[in-house]
Protein chains: 2
Amino acid sequence: MGYFADLRQYLTRLEEKGKLHRFKGEVVKETRGVPEDQRKSFLFENVVGVKGRRYGNRVLMGCPASREILALGLGCSPEQIKEKWSQACLHPVEPEIGATGPVHEMVLEGQDLEKSGLESIGVPVDTPGFSGSVRTTTQVVTKDPETGTRNVGQYSGHFAGRREMRLAIAPPHHGAIHHVKWSRQGKKMPVAIVIGATPNITLAGATPVPYGADEYAIAGGIAGEPVKLVKCRTVDLEVPATAEMVIEGEMTDQMEAHAAFGDYPGYVYEVGNRFVPIMRVKCITHRRDPIFVGFDIGYPPTATTVLECVAIEASLYQHLKRELHMPGVLDVACHYSGGARNYIVIQMKKIAPWDPWQALNALTGFGAMLGKISIVVDDDIDPRDPEAVNWALSFRMQPHRDMRVITHRSPLLDVSAHPPDCSNEERHFPSPSGASALLIDATRKWAYAPVGLPKKEYMEQALAIWEREKLPKLDLRQPWHGYHLGYWREEDEDNAQLIVTGEYQKLWEKLGRNRVPLRGPFEA
Amino acid sequence: MGYFADLRQYLTRLEEKGKLHRFKGEVVKETRGVPEDQRKSFLFENVVGVKGRRYGNRVLMGCPASREILALGLGCSPEQIKEKWSQACLHPVEPEIGATGPVHEMVLEGQDLEKSGLESIGVPVDTPGFSGSVRTTTQVVTKDPETGTRNVGQYSGHFAGRREMRLAIAPPHHGAIHHVKWSRQGKKMPVAIVIGATPNITLAGATPVPYGADEYAIAGGIAGEPVKLVKCRTVDLEVPATAEMVIEGEMTDQMEAHAAFGDYPGYVYEVGNRFVPIMRVKCITHRRDPIFVGFDIGYPPTATTVLECVAIEASLYQHLKRELHMPGVLDVACHYSGGARNYIVIQMKKIAPWDPWQALNALTGFGAMLGKISIVVDDDIDPRDPEAVNWALSFRMQPHRDMRVITHRSPLLDVSAHPPDCSNEERHFPSPSGASALLIDATRKWAYAPVGLPKKEYMEQALAIWEREKLPKLDLRQPWHGYHLGYWREEDEDNAQLIVTGEYQKLWEKLGRNRVPLRGPFEA
């Protein structure tokens, strides 16, 4: 079997793996702690509005609810995603354009579009009670008007009427660069919003790639086969043939103020007077019985956090390890608690003492809003386990020697950088020198004595006894036995051997040979 | 029923609560991941040596393996410990001295002591394969020779022969001050090492109290009744009448080098040429069928980590809230990952912006080796949850504004401060300015928009549906619903209400009234 032909094949696979919960009862779309390995996606098959309206679409939520669910969609394990991404960047597969596809089974245009339009789609509300928006957060397809280069980016679209959306593309993103170019030519930028593509396309849209790289080709590299595209009906853009739904349109010359909504830092984004460009819908196409993919966003982790963590991890890994030739980089871990961007741990086996700092400096250069707290740890520290990272911070670094604070950063939506009612300019770069980041080299600076746990052979004996005594099931975390870290003298080994063989007398005699007179306790 | 009369009554209570595992099979004493709420203490009832020797004592390990196990021993919940401690400091109960007690049931002295002495006790090895020591880490009783004031401190004793121990009392501790005073008078300090006291005494011994305060009286304050003491047989010191075992002796005028052993930072302590004073054993007294209490120590958490976390939390809470009159302090959380001392989070409801900094400065003044990483969080952040703390670090502080690094600290056993083979002086205060600490105010600096989760009423509905659908059991963590943090305009509330009542048209019309012409995207 090749790659998933569409979202539905992927959902079938999730269901086989016990990772999808089908929800057949009625769910009111305006109203929403499980360990990561038990998290599931939810398919709501009977969506009604708070006023009783029935919708023709189903709604998929929490996809991906975990790294495992996303990895299932990429045909690999969670640990393999970064390498799969890196290889897909090195070996992209060009997409194929066909005449038609399931995404064109149903078309809403003309009078029908005018009468109901976006209102006919059952869209979930992400933070009911606090949100003033219903929205999509999916792949937005645009083209560079000068070169014809395509971009597929993950941006938010907020419904602003039956035929209008506020399309928020933040300045550094490629879609925003396209918009500037179209506006300078005095033309309206064509846009296609793709809902319900396969996970390879979702990941490619969410991941930063060099300007001009084709996300569809990288998605093809992940799948190992070309993504099948069709031309849109009303704009000169290409969309996946098997997507669940596409909203076609063009940017207008107007802007509108946002209402509040939940966002990645885990707070409602208090939008102030933030004005966002309006897109005019020209046509909606979709499959029969379409699935609307809601991307929940707010207090992390949400599906958006999972996707963005994996996207940043994969692109930063590719950047450090391949583009910058740092072979010591083993893993990049974006923590959910940092909303993907603000707490990043790089795991590395350093060769030179400056290796961690080259990685930290490269990270700060990779993005102005990435890595507010950035930490490098050694290869024996699990970079995804916050307690393991805190252990490294506690005993492998000294603040005055191994930390640096850098300013002139972008806070993106980090509200600790500015009060809620300041101007947009002040938000982007709070005076006098922007937001800041904390860089920490938490690797060992010299040889250490062994980790203070019994040697592996004794722990293995203890595990056998644990099982025999029917004690609670163990979920072993690293480290579960002692191991060497470079400092251990022959004499230390001899002493330890005398202890485990019960030769206390010999050890006591040996140590007792070098007694010295009592000195003051502060010399002890 | 009053307080536990002895360790055995406490163990009976632990067994009733499912917190004790009795291990009847043979266990070789030279030769250990479970969630905290499932952790148990272990009583090994059949201890043999690697060379086949059978020992007359049982061994208790992992006591306390969790805050809950320790709290059971103090007659309160884990959350109540700090208040219980604070009240006991304010209302101590003087101990009572009786003629005799169970601790004197068996006496080892004279020829018997000479023949077997400390070798007759079955003592567990904490990090087999790496440790060159068998040791006690329990209550050490000493007296100030000038004032007669008693001290009960938790220090390590390492067996150095049948009748000799290396007794390591680090310089700032009260037992070390006593030792200096005795030495200056040219006399040998009498010492009693108490093994298997009740948990109130264990906690009091491990917790820093003002010089001259009687730990037995604070332990009485916890119990709500006097601790019963007896006079030692060979030294002028008092020990708990129901302790399992007491080693009596006096300090000699000699010192001996340590061999390596596991310690609180989670590494083997590479002792270099660290010389430690020798104590000469004069007598061992114990109960019939005595229980030796092993304090495991090494990669955290161990029983020692749990005890030291609780001890530092209780004393720092008492210091900040009572001694320094900071009513905003709600909790102090020492993280296991920091080996109790190196990662400390203070939860506070601040009134003035400088409150968090007063608390941080007070913490640095409370101990030179406490709080290498010290963080203040708001009252809505769980200070014990590393992910909640990382969320606060990610979105409630800016490094250049809210952090300070201070130098001239003691690293204690933190090996990141100095290479392993440097001198003892350099270890204590690495040049040029000691170890350092990182202080962080991670509280909100202004009003925030609500936490980005659905309002409580919608989450309650969702929980009911979750249960109805028989989805995996939830272990809800804070926050599980959105709540206000000070910034929310009438207009925001109106918009959110229009969304949850399905009045999209009204909202769209309202927002659409203020459209403006498109500006460049970098102003958006």
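## Close-up views of a two-chain model

**Figure 1. Ring pairs gather Y267(A), Y299(A), W391(B) and Y448(B) into a cluster.** Rings of Phe, Tyr and Trp (its six-membered ring) are taken as a pair if their centres lie within 6.5 Å; planes under 30 degrees apart count as stacked, over 60 as edge-to-face and the rest as tilted. By this rule there are 22 aromatic pairs over all chains. Before you look further, please note that this is a predicted model, in which local features need pLDDT of at least 70 and side-chain atom pairs count only at pLDDT 80 or more, while totals for chains, interfaces and linings use all residues. Residues are numbered from 1 along each chain as its sequence is written, chains are lettered from A and ligands numbered from 1 in the order in which they are written, and side-chain values use heavy atoms, with hydrogens and water left out.

**Figure 2. Two aromatic pairs, Y3(A) with F4(A) and W466(A) with F42(B).** How do the rings of Y3(A) and F4(A) meet? Their centres are 5.2 Å apart and their planes stand at 65°, so the pair is edge-to-face. Y3(A) is buried at a relative accessible area of 11%, and F4(A) is buried too, at 8%. Here buried means under 20% relative accessible area, exposed over 50%, and partly exposed in between (1.4 Å probe, protein chains only). Now turn to W466(A) and F42(B): the ring centres lie 5.7 Å apart with the planes at 45°, so this pair is tilted. W466(A) belongs to helix α13 (residues 456-468) of chain A and F42(B) to strand β3 (residues 41-44) of chain B, so the pair joins two chains. Both W466(A) and F42(B) are buried. Helices (H or I, at least four residues) and strands (E, at least two) are DSSP runs, numbered from the N terminus.

**Figure 3. Lysine charges over phenylalanine rings.** The ring of F130(B) has the charged end of K455(A) sitting over it, 5.5 Å from the ring centre. With the chain letters exchanged, the charged end of K455(B) sits over the ring of F130(A), 5.6 Å from its centre. A charge sits over a ring if NZ of Lys or CZ of Arg is within 6 Å of the ring centre and within 35 degrees of the ring normal.

**Figure 4. Helix α5 (residues 174-184) of chain A is mostly covered.** How many of its eleven residues are buried? The count for α5(A) is eight, and among them are H174(A), H178(A), H179(A) and W182(A). K181(A) is also on the buried list, along with G175(A), A176(A) and V180(A). Against what do the buried residues of α5(A) pack? Their partners in chain A are β8 (135-143), β9 (150-161), β11 (190-195), β14 (245-257) and β17 (275-286). After α5(A) comes G186(A), with a positive phi near 70°.

**Figure 5. H179(B) in helix α5 (residues 174-184) of chain B.** H179(B) has 8% relative accessibility, so this histidine counts as buried. Which residues does H179(B) contact, leaving aside neighbours within four places in sequence? The contacts are L518(A), M189(B), M251(B) and P277(B). Contact means heavy atoms within 4.5 Å.

**Figure 6. Cis peptide bonds before P64(A) and P64(B).** In chain A, the bond from C63(A) to P64(A) is cis, with omega near 15°. P64(A) sits in the loop between β5 (58-61) and α2 (67-72) of chain A. In chain B, the bond from C63(B) to P64(B) is cis, again with omega near 15°. The loop that holds P64(B) runs between β5 (58-61) and α2 (67-72) of chain B.

**Figure 7. Positive phi at A340(A) and A340(B).** A340(A) is not a glycine, yet its phi is positive, about 75°. You will find A340(A) in the loop between β19 (329-334) and β20 (343-348) of chain A. Is A340(A) buried or exposed? At 0% relative accessibility, A340(A) counts as buried. For A340(B), also not a glycine, the positive phi is about 80°. A340(B) is placed in the loop between β19 (329-334) and β20 (343-348) of chain B, and A340(B) is buried, with a relative accessible area of 0%.

**Figure 8. Chain A as a backdrop, with 15 helices and 24 strands.** The C-alpha atoms of chain A fill a box of roughly 100 × 60 × 45 Å, taken along the principal axes. Of its 524 residues, 64% count as buried.
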